[in-house]
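Q: Please take a close look at a single part of this model. Pick one residue, say where it sits, and then describe what lies around it and how far the prediction can be read.

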Amino acid sequence: MLSRVADRIFWMSRQMERAENMARILGVTSNLVLFGTKNELQQKNLMAPLSITETDETFFETHKKLTLPALLDFMALDEKNPSSIYSCLKWARENAHAVRWQITSEMWETLNATWLELKSFKKKEVVGADATRFFDWVKDRSHLFRGVTYGTIVRGEAFNFSRLGTFLERADNTARILDVKYHILLPRVEDVGGALDYYQWAALLRSVSSFETYRTLYRDQIFPIKVAQLLLLERKMPRSLAACFDQVTEALNRIDGQNDQAAKRLASEIHARFTHADIEEIFQSGLHEYLETALDDIGELGNRIQRAYLGTV
Amino acid sequence: MPASAQHYDEMNLPGAGKNVREHVREHYRHLVEWLAAMPPERVAEKRREADLLFHRVGITFAVYGDEAGAERLIPFDTIPRIIPKEEWDLLAKGLKQRITALNRFLHDIYHEQKILKEGVIPSEQVLTNEAYQVAMIGLDLPNQVYAHISGIDLIRHEDGSYYVLEDNLRTPSGVSYMLEYRKMMMRLFPELFASQSVLPVEHYPGLLLDTLKAAAPREMREPTVVVLTPGQYNSAYFEHAFLAQQMGIELVEGADLFVKDGRVFMRTTGGRQRVDVIYRRVDDSYLDPLAFRPDSFLGVPGLLSVYRAGNVSLANAMGTGVADDKSTYPYVPDMIRFYLHEEPILKNVPTYQLKKAEDFQHVMDNLAKLVVKEVQGSGGYGMLIGPTSTKKEVEAFRLRIQANPANYIAQPTLSLSTCPTFVEQGIAPRHIDLRPFVLSSKDVKFVPGGLTRVALKDGSLVVNSSQGGGTKDTWVVE
């Protein structure tokens with residue numbers, strides 16, 4: 001497959017996955033804001049999506065005050081924010097447009113229709129009371145695209161790069177979502193383990209569609225360490241980092257390259273880490289630090305994939 | 001100017017009044033009866049369905065300098081244009097003759113130059129032409145074919161015969177629309193196809209691939225063929241992608257290709273892969289920044305040297321533009337006589353060359369009656385249609401001509417034939433032309449049909465899609 005084409009397919013899939021996870025992050029934020037009554041916590045809740053997507057500087061270049069509508073506008077609809085849902089859907093469609101002869105017409109039509117439909121949402125719907133409906137729509141479109149892709153595309157390089165993009169992005173995003181909790185730490189120690197704490201963890205679980213999964217797998221109260229176990233190491237949970245890396249290494253192993261040892265080696269290394277890690281140890285040395293390292297490694301893997309297969313130079 | 005004055009009506013016989021079904025030409029009878037039996041709501045519904053499908057599939061056309069309409073649909077008219085088989089056979093014969101002569105001409109002017117030496121065409125006419133490619137001199141091409149793919153623009157005049165308006169031998173487009181419209185018509189109105197024999201066009205991509213493979217630098221079992229596109233912002237990008245997909249070959253951009261050790265390769269995820277034939281939809285001057293425009297990112301540095309060494313083929317060849325240039329056009333009938341010793345089957349429109357003193361005077365005296373075109377222009381840009389222009393427009397154009405007469409040719413205003421077309425007020429006659437696509441390798445091939453373009457404005461003669469023209473499916477019926 002042409003490197004340029006593989007690159008487009010890889011990013012098309014990443015952008016669709018990112019749009020979905022953005023919707024999930026914003027969903028959880030809108031929810032948490034309902035609970036946070038204290039102004040200080042409110043600001044933390046609102047800051048979290050900006051910090052974990054590393055867009056806080058961009059936001060404050062154009063905004064003075066951080067409010068929920070301003071945040072939603074920036075993260076969902078702002079064309080100048082490269083990680084906004086708007087930008088993700090736009091670029092996913094642009095990338096698909098550039099390679100629509102290498103993907104199935106259903107895939108192209110799904111992304112094209114998504115883009116056309118996006119423009120029919122009014123700003124006040126998205127940043128107001130109907131925000132949830134918008135986020136659900138984004139998730140639906142992402143599910144649809146993934147299903148259409150899985151159901152129609154030839155099992156070849158296009159499929160491999162699409163899977164690679166989807167799961168690398170999801171691993172990155174799940175790590176960031178789990179890190180939200182770090183950014184909204186409760187101000188007083190006595191609150192930890194309280195009702196508010198519980199709601200925060202529950203909202204986080206819901207954002208990755210795994211509240212029920214938690215109950216089914218652990219049959220227990222919501223404990224932070226188990227939430228982390230579920231999102232990081234639980235293979236049965238399709239959004240966990242371990243599950244994502246099962247897919248990443250599988251896709252990578254199907255790809256034939258000439259200079260891809262560095263990429264394949266790092267992927268296996270990360271995969272092994274999530275396979276054998278112990279959640280107690282992770283907690284002892286600090287979850288936030290662990291996630292930061294994981295994100296750095298995922299970023300580096302992305303670079304190596306780029307160099308091995310997709311580089312234009 | 002109303003569409004009626006003097007023109008050939010493709011559907012109705014002369015003297016036929018409105019709604020007189022007996023007076024339609026035989027090959028339209030079936031369609032007319034079907035149209036009459038069809039409730040208008042159903043027609044409207046089908047047209048909406050077509051629009052929706054075209055939008056979803058993304059069959060679009062980009063218009064230069066139109067930011068808002070970066071991707072626009074070409075209006076598609078659901079009433080087909082019908083050509084009887086006997087008439088098509090004659091057209092096909094004429095097209096084959098014309099393309100054969102044009103390819104012989106191209107080989108000649110880059111080799112012995114017999115036609116110039118014998119004074120059939122003035123040497124300076126060819127050798128000083130901007131599109132004459134010095135790099136092509138003495139280069140031997142497989143099967144001596146230069147224009148592998150051409151699109152010949154034809155119109156039917158009031159005398160009922162076809163005239164060639166323009167030979168497009170560079171990178172003619174439109175064939176994807178021909179294929180998609182047929183698919184759409186069969187989807188919308190299967191009953192029409194079931195009840196009469198419309199000759200198929202669907203095998204065009206297969207013929208095209210055969211043609212491209214036959215252009216390979218040497219005999220090889222499976223030459224690697226690619227389509228080279230300027231990229232997704234090009235107006236014909238949809239077509240490039242469509243054809244690559246239909247042929248099952250790679251669609252590459254300049255940056256996907258590179259030259260090494262005297263060969264052309266493409267960059268793939270599995271390493272480099274050699275390329276033998278490039279169906280390029282990029283103009284000559286952008287093909288190789290080392291040889292032509294250094295500021296171009298669309299081409300491949302070093303491509304020309306590989307091409308000259310005979311290690312890669314280009315379709316169409318470089319330098320074909322000199323043969324479809326409007327200043328060369330008047331000589332095509334002479335080419336046919338010179339190379340083939342035959343009389344031309346297809347007519348040429350009488351053409352005045354403004355660089356000739358006597359022609360210049362005639363044109364200046366009759367400007368308001370004539371159509372004036374730039375020698376290098378295309379797409380309906382840079383032209384004057386005397387009879388439909390205001391006095392002011394005519395005078396403004398006169399100044400442009402006087403500044404550089406050699407840059408223009410003029411022709412009498414031809415009355416394009418009309419075909420019934422859906423317009424806001426119902427069904428009305430609109431002017432049409434026809435672009436069949438001709439494939440040349442060892443022999444000349446085509447599918448029965450082409451792209452029919454229609455001027456949607458009442459009385460308008462401009463059919464270009466960049467200027468608000470629409471399209472129709474073209475049927476050759478047996």
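A: Helices here are DSSP runs of H or I with at least four residues, strands are runs of E with at least two, and both are numbered from the N terminus. The part chosen is B:T100, which has its place in helix α3 of chain B. The structure is a predicted model, in which local features need pLDDT of at least 70, side-chain atom pairs count only at pLDDT 80 or more, and totals for chains, interfaces and linings use all residues. Residues are numbered from 1 along each chain as its sequence is written, while chains are lettered from A and ligands numbered from 1 in the order in which they are written.

Is B:T100 buried or exposed? B:T100 is buried, with 20 other C-beta atoms within 10 Å. (Buried means 20 or more other C-beta atoms within 10 Å of the residue's own, exposed means 12 or fewer, partly exposed is in between, and C-beta atoms are placed from the backbone.) By contrast, B:Q246 is partly exposed, with 17 other C-beta atoms within 10 Å. B:Q246 belongs to helix α9 of chain B, residues 237-247. In chain B, buried residues make up 44% of the 478 residues.

Which residues does B:T100 touch, leaving aside its neighbours within four places in sequence? B:T100 is in contact with B:L340 and B:V444, a contact being two C-beta atoms, placed from the backbone, within 7 Å. Across chain B, residues 24 or more positions apart account for 68% of the contacts with a separation of 6 or more.

The surroundings include another helix, α12 of chain B, which spans residues 332-340. In α12(B), B:V332, B:M335, B:I336 and B:Y339 are buried. Seen down the axis of α12(B), its buried residues fall within an arc of 100°, so they line one face of the helix; the arc is that of the directions from the helix axis to the C-beta atoms. An α-helix has 3.6 residues a turn, so residues three or four places apart point the same way. The cover over the buried residues of α12(B) includes α3 (85-109), α4 (114-117), β3 (162-168) and β11 (347-348) of chain B. The helix that holds B:T100, α3, is thus named again as part of that cover. After α12(B) comes B:H341, whose phi is positive, near 50°.

Two distances give a sense of scale. From B:T100 to B:R218 is 22 Å, C-alpha to C-alpha, and the two are 118 residues apart in sequence. B:Q246 and B:P330 are 84 residues apart in sequence and 36 Å apart in space, again C-alpha to C-alpha. The C-alpha atoms of chain B fill a box of roughly 70 × 60 × 45 Å along the principal axes, and chain B has 14 helices and 21 strands.

Chain B also touches chain A. The contact takes 21 residues from chain A and 19 residues from chain B. On chain A, α1 (3-35), α5 (85-98) and α6 (105-118) each supply at least two residues of the side that touches chain B. The largest share of that side, 5 residues, comes from α6(A).

As for confidence, the mean pLDDT of chain B is 89, and 92% of its residues reach 70 or more; pLDDT is the predictor's confidence in each residue, from 0 to 100. Over residues 64-69 of chain B the pLDDT is below 50, and this stretch has 3 contacts in the model beyond near neighbours in sequence. Where pLDDT is low, the predicted coordinates should not be read in detail. For the complex, the predictor gives an ipTM of 0.77 and a pTM of 0.81.
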